[in-house]
Each structure stands twice: as C-alpha cells, then as structure tokens.
Amino acid sequence: MSGKALFLFDVDGTLTAPRNIITDKMLHFMKSLSSSCTVGIVGGSDEDKIKEQLAGHTDVATYLFSENGLVAKKDNELIGKIDIIEKMGDKNLQKFINFALGYMSKLELPCKRGTFIEFRSGMINICPVGRSCTQKEREEFNAYDKEHKVREKFVKALESEFPDLQMKYSIGGQISFDCFPIVPRNFILLAELDEGQKGLQDSMITWGLESDDDIELTNWVATIIGPQRTAFDGKFYSLHIEVGKDYPERPPVVRFRTRINIPCVNSSGMVDLKQVMGSWSRDSRLKHIFRGIFSAMQRAKALNQPAEGHY
C-alpha cells in the first residue's frame, strides 16, 4: 500500500452529536490527523448541512462524500454525482413522493412538525416527525421509533409498493431515512475500503487503494498472510486488484504479485474467480474474493511452493 492511510469518518454520531456542531477538541484532532494522513468525510446530509456541522471546516478532509456518497468531491472539486431525477424520472419520483406523503398522513406519533420530505440532488430524505422538530422532540421520536419500528415499517411499505424502482433505503440518525437509486460504485468501494483497513481472518487479510490519488478507486492492493499449518504459514502474499467502472456488475481483475502455487492461480499469477467463488453477482464484494483465496490456500496446504519471488 502507499505510505499514507485513508481515514473515513461519518458525521452524525462520530464527528458530531446528531445534527450538532463539531467540538473544538474534535476539530483540533481532525486538523492534526489531516496533516499526516488522507482524510475523508461521509455524511447522509447535503454538503451545506455537513459544512454547518463542521463549522465551515471541510478543509480538514481531502474527500467529502455528501448524501451518502452520491455527491463526491476531492479538494473541493466535484469528482462524481448521482442525479435522482435522471435515475428515476419525474413520473416515478412523483408517485414515490405522493405515496410517502400519504403514508405519513396516517401515522400517529408523539408529535409532528414540518419538512417531512427533503429533496436532495442524489436522494430523498424522509422524516416522519418532520425535520423542523426540536432536539427534545427528535429524542422523543427516536425513543418511540426504537419501540414501534416506525421507520423500519415505512421502508418495508415502500419496498412493497415500488419493487421495480431499484431503490435502496438507509435508516440512520435519529429521525429520518434516505432513499436513493441502487448504490453507486464509489459508495460501495468506500465501504469496502473501510472494511479493508479493519481486515479479515484476525487481520490476516487486509486491502486498500494502491495510491491515495486514485480518485476513480480503480487500483487496489491486498496482503494475505498465509494460513497456519500450511505450506504458506507466516508468508506474506501481495495481490493487485483492478476494479473497473462497471463494478460490481462485473468482477474485478485479481492477480498475485507474489509467486504461489494453488489451483485457482495460473502461471502468470492471474486468479480464476470462478474457481474461487463460483458465479459473480452484484452483491459480490472484494472480501468474498479474499476469503475464497484464503480458503483455497487452506485446501492446498500440502502443495509444493515455488521459490520466493514475484511474477
């Protein structure tokens, strides 16, 4: 991996209390961290609300992913954006909004205020209690929702009413949930980047971007420490992964850099994903590939291995 790590932070509940302003202590920490590491910020709100919560200090992050990553910026330059009108079309969008408003009109809650639907460039935010509620009312609804599953039932109703719209729903924060078209490639990869830093198999498998400057999130590297009690025990294996623009509809290209002898890897280091994990689907992820390779190494524990080196 490159010399600098990428640290991703959520806004509500991590950098700030829900819908509150960042504290001086947290802001000082973020400024200190960004001086030595690449920092990214992810939030469900639009950019203006994120800026408000960070007291205007979005400069503490190289990457800003607002609206759950549907709008992406690097160094304040737009690098990606999903338009919900373009994805859904006005006719479907109006049907969706009308149904949501009708559903909410029948809800009996501790209170209701205003701004029940907030339209953003890449998604719709639905708030049964109304986003203009006070902090006290927000907390009261959150407690009520935990008991009565208001948002969870609302999402199920939308899924049942619009099965063909290919919408995704994200319940987060205290009072609302987000509705957006099928999760875009970059948002999926950002989640995978976070998973890669945490690692799998007790950190014996880790992965990340080959370069912090790869704004297309295309070239990745992974490290697998050989499983115990096998011919690979304690050895470090390096892999390169090329993630195309059509991921996850199509699988990435995976290649070992470190020489290895297992049935799913050919003489030039290319990994046969069909042998590793069978068929590929849109729900397949990088971690599934790495787990499959790790299992293949366990099964090939007695195979003779080539001299150490690279392809």
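Helices here are DSSP runs of at least four residues, numbered from the N terminus. With that in hand, let's walk through this predicted model, starting at helix H7, which covers residues 185-198 and contains Arg185.

Arg185 is a good place to pause. This residue is buried yet has no salt bridge, and Glu216, the nearest side chain of opposite charge, sits 5.0 Å away. That separation does not qualify because a salt bridge needs the side-chain nitrogen within 4 Å of a carboxyl oxygen. What does the side chain of Arg185 reach instead? One partner is the backbone oxygen of Val243, at 3.1 Å; another is the backbone oxygen of Gly244, 2.8 Å from a polar atom of the Arg185 side chain. Beyond its neighbours within four places in sequence, Arg185 also has contacts that include Leu217, Thr218, Lys245 and Tyr247.

From here we can turn to the nonpolar interior. The largest nonpolar core has 42 residues, and the members touching the most others are Trp220, Ile241, Ile262, Leu286 and Ile293. Elements giving two or more residues to this core include H7, strand E11 (219-225), strand E12 (236-242) and helix H9 (286-299). Helix H9 provides the largest share, seven residues. Ile241 shows how some of these pieces meet: setting aside neighbours within four places in sequence, its contacts include Trp220, Val221, Leu286 and Phe290. There is also a second, separate core of 26 residues, with Leu93, Leu107, Phe141 and Tyr169 among them.

Helix H9 deserves a look of its own. Its 14 residues reach 20 Å from first C-alpha to last, close to the 20 Å expected at 1.5 Å a residue. Among its buried residues are Leu286, Lys287, Phe290 and Ile293, and the cover over the buried residues of H9 includes H7, E10, E11, E12, E13 and H8.

Lys287 brings us to the charged pairs, for the structure holds 17 salt bridges. The side chains of Lys287 and Glu195 meet in one of them, at 3.1 Å from N to O. This pair links distant parts of the chain, with Lys287 in H9 and Glu195 in H7, 92 residues apart. Within H7 itself, Lys198 and Asp194 form a salt bridge at 3.3 Å, and these two residues lie four apart, about one turn of the helix. Lys198 is exposed, at 58% relative accessible area, while Asp194 is partly exposed, at 28%.

Glu118 and Arg120 offer a buried pair to finish with. Their closest N and O atoms are 2.7 Å apart in a salt bridge; Glu118 has a relative accessible area of 14% and Arg120 one of 3%. Salt bridges with shared partners join both residues with Asp46, Lys49, Arg131 and Asp178 in one network.

Methods
Residues are numbered from 1 along each chain as its sequence is written. This is a predicted model: local features need pLDDT of at least 70, side-chain atom pairs count only at pLDDT 80 or more; totals for chains, interfaces and linings use all residues. Side-chain values use heavy atoms; hydrogens and water are left out. Buried means under 20% relative accessible area, exposed over 50%, partly exposed in between (1.4 Å probe, protein chains only). Lys and Arg count as positive and Asp and Glu as negative; His and the chain ends are not counted. A polar contact is a pair of N or O atoms within 3.5 Å; within protein, one must be able to donate a hydrogen and the other to accept it, and residues adjacent in sequence count only if both atoms are side-chain atoms. Contact means heavy atoms within 4.5 Å. A nonpolar core is a set of buried Ala, Val, Leu, Ile, Met, Phe, Trp, Tyr and Cys residues joined through side-chain atoms within 4.5 Å. The expected span of a helix is 1.5 Å times one less than its number of residues.
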